Every structure is written in C-alpha cells, then in structure tokens.
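User: I am new to this structure and would like to understand the terms used for it. Could you take me through the reasoning behind them?

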Amino acid sequence: MDDEPCPFEDLPRYEIRQEPRGGWTIVDTLTSLPAATDGRDFVGLTKRDAEDIARELNLSAAQGRDPLL
C-alpha cells in the first residue's frame, strides 16, 4: 500500500463550492478566489452549470491551456 500524498499537480485546479445562500461558486484552488473571466466571477451558478464549467476549466488546464483567456 502506498501512503505517499497525492502530488499537487494531480489535484483539480478548479473546484465548486456551495455558497451560504445556495448558489455555487467555481474556486481557483491556487488562489482560493472565485475563478473569473472577462471581469465576471463564476459565482451564483446552478450546481450543474458550476460542475460543467469547472470540468471544462480543469480539462483546459490539464492540456496546458489557460482556460480563462
């Protein structure tokens, strides 16, 4: 059994978190701030939208592309 910690590179860059009022935010795990593009923070989303956007952002990041340009 391997008890080595998971390398940081294997963790998703973007994750979703539920807001106190029920919406969902996509958080950049490197900064702990909401992910944003074109001056718009990814906050107040439905869970499905947050999951879909976070999945695309993580796929782009894994492919070495900056997903928020």
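Analyst: A word on terms comes before the layout: helices are DSSP runs of at least four residues and strands are DSSP runs of at least two, numbered from the N terminus. In this predicted model, the elements of the protein chain follow the order β-β-β-β-β-α from the N terminus on, which gives one helix and five strands.

User: What makes β1 and β2 a pair of strands?

Analyst: Two strands pair if at least two bridges are found between them, and five bridges join strand β1, residues 14-18, to strand β2, residues 24-28, so the condition is met. The two strands run antiparallel; within them, I16 has I26 as its bridge partner in β2, while E15 stands opposite V27.

User: What lies between β1 and β2 in the hairpin?

Analyst: Five residues lie between the two strands of the hairpin, and in the turn G22 has a positive phi of about 105°.

User: Why are β1 and β3 said to stand at the edges?

Analyst: The sheet is open and consists of three strands in the order β1-β2-β3, with antiparallel pairing. Both β1 and β3, the latter covering residues 33-34, have a single partner strand, so each of them has one side without a neighbour in the sheet. As a general point, strands of a sheet pair through backbone hydrogen bonds, either parallel or antiparallel.

User: Where does helix α1 lie, and at what angle to β1?

Analyst: Helix α1, which spans residues 47-62, lies across β1 and β2 and runs at about 160° to β1. Because angles are taken between N-to-C directions and go from 0 to 180 degrees, a value of about 160° says that the helix and β1 point in roughly opposite directions.

User: How do you know whether S60 is buried or exposed?

Analyst: S60, which has its place in helix α1, shows a relative accessible area of 11%; since buried means under 20%, S60 is called buried. Leaving aside neighbours within four places in sequence, S60 is in contact with R65 and P67, where contact requires heavy atoms within 4.5 Å.

User: How much of the protein chain is buried, and how much area is exposed?

Analyst: Of the 69 residues in the protein chain, 23% are buried. The chain exposes about 5200 Å², and carbon and sulfur atoms supply 50% of that area.

Conventions
Residues numbered from 1 in each chain as written. Predicted model: local features only at pLDDT ≥ 70, side-chain atom pairs only at ≥ 80, totals over all residues. Heavy atoms only, no water. Buried < 20%, exposed > 50% of the residue type's maximum accessible area, 1.4 Å probe, protein only. Areas by Shrake-Rupley, 256 points an atom, 1.4 Å probe, with all protein chains shown as cover.
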